[in-house]
Amino acid sequence: MDIDAFSVAHRDQWERLDRLVAAPRLDGAQVDELVTLYRSAARDLSRIRTGAPDPQLLAEMSTRVAAARGRVNGTRELRGSDLRRFATASVPAALYRLRWWTIGVTLVEVTIAVVAGLWTLRDPAAMAALGSPSELDAYAHQSFESYYSTYAAPTFASIVWTNNARIAALSVAGGITGVLPGYMLVANAVNVGQAGAVMADHGMLGLFLALISPHGLLELTCIFIAGAAGLKLFWTMLVPGPRPRSVALAQEGRALITVAVGLTAALAVAGLIEAFVTPAPVPWALKITVGALALAVLWAYTLGLGRRAVAAGHSGDLAVEDAGESTLQTG
């Protein structure tokens with residue numbers, strides 16, 4: 001194929017397509033023309049790839065076809081207003097709709113942790129299963145507290161954040177199985193309970209609570225929220241309500257992924273508290289106050305902005321046009 005002749009023969013159509021893609025509004029006839037030219041340009045791109053793979057023209061046509069596809073499918077650039085809506089409406093609405101699930105999971109988690117802790121503390125066999133007496137003594141008197149100062153604070157904050165964000169995302173995304181979030185929640189509660197039991201057995205329960213409270217109040221709540229989101233997704237699959245199951249799962253899935261994205265910000269704050277506040281040489285009362293304030297901000301954000309966002313019709317799901325159900329605007 002003569003690439004120069006081919007380009008000259010189709011250049012007018014391509015440039016017309018560019019003008020239609022760039023136009024802010026299109027009438028009915030222009031929409032039809034856009035779709036026709038987009039399909040033609042896609043065929044031209046295929047022919048160029050197979051017949052005369054000129055790198056410069058390939059790059060130009062790939063960009064052109066991608067832009068036209070975005071206009072035809074209704075995609076658009078991310079704007080500042082989209083970010084504001086996400087932060088002030090979508091995330092708080094999704095968290096607010098999940099509030100009772102979160103409270104329920106929190107109560108169950110605390111109960112499991114307390115039961116696991118008391119069982120381990122009162123059963124010598126359960127305590128022995130965690131390690132030898134010397135290992136447990138080293139854990140209580142050295143390892144538990146030194147964990148918070150092993151790394152430089154910025155590095156530690158990054159490690160903690162990425163690990164917790166991964167756990168939160170897995171809990172939400174794995175909700176469709178019903179097993180993964182439940183397993184992660186139970187394992188987390190048992191681990192906390194057993195750690196508390198080891199510290200209490202060595203007369204250091206106060207230090208245990210002082211060390212985990214500053215960051216743990218916010219961090220554990222985020223994990224509970226993520227687990228609640230995963231369990232709700234599983235429940236939606238089982239009981240979709242009046243909506244078709246596929247529609248219910250799509251809508252709730254998108255809303256709960258919004259929760260996972262929103263939790264990354266809260267977990268970043270928890271990571272900073274754990275890295276900079278928990279090991280800081282300041283009174284424990286001040287450290288715990290910082291953690292309590294961080295948790296209070298999260299719940300104020302959820303209940304305050306969330307209630308208002310839900311009342312305004314937000315659910316945490318994508319807007320209709322972003323969910324892939326839009327059509328081109330005509331005017």
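1. Helix α1, which spans residues 3-22, bends by about 50° at His-10, the bend at a residue being the angle between axes fitted to the seven residues ending there and the seven starting there. Helices here are DSSP runs (H or I, at least four residues) numbered from the N terminus. The buried residues of α1 are Ile-3, Phe-6, Ser-7, His-10, Trp-14, Leu-17, Leu-20 and Val-21, where buried means under 20% relative accessible area, exposed means over 50%, and partly exposed lies in between (1.4 Å probe, protein chains only). His-10, the site of the bend, is thus listed among the buried positions of this helix.

2. On the basis of the note: this is a predicted model, in which local features need pLDDT of at least 70 and side-chain atom pairs count only at pLDDT 80 or more, while totals for chains, interfaces and linings use all residues. Residues are numbered from 1 along each chain as its sequence is written, and side-chain values use heavy atoms, with hydrogens and water left out.

3. The largest nonpolar core has 28 residues, and those with the most contacts inside it are Leu-98, Leu-218, Cys-222, Ile-225, Leu-256, Val-259 and Leu-263; such a core is a set of buried Ala, Val, Leu, Ile, Met, Phe, Trp, Tyr and Cys residues joined through side-chain atoms within 4.5 Å. The elements that give two or more residues to this core are α4 (80-97), α8 (153-173), α10 (205-238), α11 (245-277) and α12 (284-311). Helix α10 supplies the largest share, with nine residues.

4. Leu-263, one of the residues with the most contacts inside that core, touches Ala-168, Cys-222, Ile-225 and Ala-226 when residues up to four places away in sequence are not counted, a contact being heavy atoms within 4.5 Å. Apart from this core lies another, of 19 residues, which includes Leu-17, Val-31, Tyr-38 and Val-65. Leu-17 also appears in the list of buried residues of α1.

5. On the surface, Trp-100, Ile-103 and Leu-107 form a nonpolar patch with about 350 Å² of accessible area together. Patches are made of residues with over 30% relative accessible area and no salt bridge, like charges being joined within 9 Å and nonpolar side chains (Val, Leu, Ile, Met, Phe, Trp, Tyr) within 5 Å, and the areas come from the Shrake-Rupley method with a 1.4 Å probe, only the protein chains shown counting as cover for residues. Within this patch, Leu-107 belongs to helix α5 (residues 99-122) and counts as exposed at 56% relative accessibility.

6. The count of salt bridges comes to six, on the rule that a side-chain nitrogen of Lys or Arg lies within 4 Å of a carboxyl oxygen of Asp or Glu. One of them joins the side chains of Glu-33 and Arg-16 (3.0 Å, N to O); Glu-33 lies in helix α2 (residues 28-51) and Arg-16 in helix α1, so the pair ties together parts that are 17 residues apart in sequence. Glu-33 counts as partly exposed at 28% relative accessibility, and Arg-16 likewise counts as partly exposed at 26%.

7. Within helix α3 (residues 55-72), Glu-60 and Arg-64 lie four residues apart, about one turn of the helix, and their side chains meet in a salt bridge (3.1 Å, N to O). Glu-60 is partly exposed, with a relative accessible area of 27%, whereas Arg-64 is buried, with a relative accessible area of 8%. These two residues are linked with Arg-11 and Asp-18 in a network of salt bridges.

8. Lys-232 forms a salt bridge with Glu-252, the closest N and O atoms being 3.8 Å apart; Lys-232 lies in helix α10 and Glu-252 in helix α11, so the pair ties together parts that are 20 residues apart in sequence. Lys-232 is buried, with a relative accessible area of 11%, and Glu-252 counts as buried at 4% relative accessibility.

9. The loop between α10 and α11 holds Pro-240, which is buried, with a relative accessible area of 14%. Leaving aside neighbours within four places in sequence, Pro-240 is in contact with Arg-245 and Ala-248. Pro-240 and Glu-252, twelve residues apart in sequence, are 9.7 Å apart in space, C-alpha to C-alpha.

10. Phe-156, in helix α8, counts as buried at 2% relative accessibility. Not counting residues up to four places away in sequence, Phe-156 touches Tyr-147, Tyr-148, Tyr-151, Glu-274 and Ala-275. The C-alpha atoms of Phe-156 and Arg-16, which are 140 residues apart along the chain, are separated by 55 Å.
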